Amino acid sequence: MFKSFNPVYALLLALLAAFLHNSTQSDNSITHQLSGTGPSKFTGNILLLTAHPDDECMFFAPTILALAALQRPSASSRDPTSTSSLYSLCLSVGNADGLGAIRKYELESSLDILGVDTDKRSILDHPELQDNFTASWDAHTIATVLRPYVLKNRINTILTFDREGISGHPNHKSLPVGVKHLMSSLREVRLFTLITTPTPLKYASILAPTLAKFDLYAGGLLHWLEAQLTSLLVLLNVSISPPTPPPSLEVMPVFVSGTKDYWTALQAMRAHPSQLVWFRWLYVSFSRYMWVNEWNEVKVA
């Protein structure tokens, strides 16, 4: 048994475990908003908009955990009374199988684990926004429900599904359409949608955070090397013709969980026992969305 032990494999596994241990994220406008690092401390609150209980942990846990960490006073010098906060709004109780009352309670438990403040979460049971895998939700109804909530809580950034809905659920796919409808009258609202990846990438398991972290670290290293080279040339009095500045581009918000955050997301999913059928166990074992969230900003002309 021990003769077949290969120390190289053990070293590689140890390096992979170390690489995956810590969470990381890109330097993006969403984190700036919550950390209060911009020119103005309060710039509006952030809303995570979901369709059903368990969406928050199945798809958005890396983002929730990263943003919730920024709100902890012990994590920084953040003043919780004057900086932005994370809110959660779920538009249905998920009553497709008659379990709405149970799923509402499960959502509360899940959000407790993920770190969303109790006074910053809401769940609705609207007659026109019922859990239904065969029907889309009306954009006007979504916008009508959202408008007073957004205004009351001073929301200016909404995070939700994209037009593919990650899993293809029509209720998921309806949410960005409804938010865009809202944005036609509330122009100050920004919309970020979670990017749906092709199916092979969607179930890449630990390969997803490995590649995402490598991409973030490699990009940071290239920027550092460029800055060092420029400083060296200036020190050597080497004349440098200024390059044509590239167009200003927003950095894509990317949140990558470490092993501890993955475990927290798994515990949040276990807070939904009514939904833990066999294929969801496969999902939490292999889905990239348990590890990685990549966001795209959607603008309305």
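Buried, as used in these legends, means under 20% relative accessible area. All views show a predicted model.

**Figure 1. The salt bridge between Asp 131 and Arg 103.** The closest N and O atoms of Asp 131 and Arg 103 are 3.6 Å apart. Asp 131 sits in the loop between strand E4 (121-123) and helix H6 (139-152), while Arg 103 belongs to helix H5 (residues 100-114), so the pair ties together parts that are 28 residues apart in sequence. Both Asp 131 and Arg 103 are buried.

**Figure 2. The salt bridge between Arg 121 and Asp 112.** Here the closest N and O atoms are separated by 2.8 Å. Arg 121 has a relative accessibility of 9%, and it therefore counts as buried under the 20% cut-off. Asp 112 has a relative accessible area of 48% and is partly exposed.

**Figure 3. The salt bridge between Lys 299 and Glu 297, and a salt-bridge network.** In the pair formed by Lys 299 and Glu 297, the closest N and O atoms lie 3.4 Å apart. Lys 299 counts as exposed, at 66% relative accessibility. A network shown in the second panel consists of Asp 54, Arg 103, Asp 131 and Arg 280, joined by salt bridges that share partners. The salt bridges in the model come to 10 by count.

**Figure 4. The packing of helix H11 (residues 259-270) with helix H12 (residues 278-286).** Two packed helices are described by the angle between their axes and the distance between the axes. The axes of H11 and H12 come within 11 Å and cross at roughly 165°. Because angles over 145 degrees count as roughly antiparallel, H11 and H12 are roughly antiparallel to each other. Their crossing is right-handed. From H11, the residues Tyr 262, Leu 266, Met 269 and Arg 270 meet Arg 280, Trp 281, Val 284 and Ser 285 of H12. Sorted by class, this contact of H11 with H12 contains five nonpolar residues, one polar residue and two charged residues.

**Figure 5. The surroundings of Leu 216 in helix H10 (residues 207-235).** Apart from residues up to four places away in sequence, Leu 216 touches Thr 24, Gln 25, Ser 26, Val 254 and Val 256. Leu 216 and Val 254 are 38 residues apart along the chain, and their C-alpha atoms are separated by 8.6 Å.

Key: Residues are numbered from 1 along each chain as its sequence is written. This is a predicted model: local features need pLDDT of at least 70, side-chain atom pairs count only at pLDDT 80 or more; totals for chains, interfaces and linings use all residues. Side-chain values use heavy atoms; hydrogens and water are left out. Helices (H or I, at least four residues) and strands (E, at least two) are DSSP runs, numbered from the N terminus. Contact means heavy atoms within 4.5 Å. Axes are lines fitted to C-alpha atoms, for helices over the stretch in contact, and angles run from 0 to 180 degrees between N-to-C directions. Angles under 35 degrees count as roughly parallel, over 145 as roughly antiparallel, 65 to 115 as roughly perpendicular and the rest as oblique. A crossing is left-handed if the near helix is turned anticlockwise from the far one by less than a right angle, and right-handed if clockwise. Ala, Val, Leu, Ile, Met, Phe, Trp, Tyr, Cys and Pro count as nonpolar, Asp, Glu, Lys and Arg as charged, and the others, Gly among them, as polar. A salt bridge is a side-chain nitrogen of Lys or Arg within 4 Å of a carboxyl oxygen of Asp or Glu. Buried means under 20% relative accessible area, exposed over 50%, partly exposed in between (1.4 Å probe, protein chains only).
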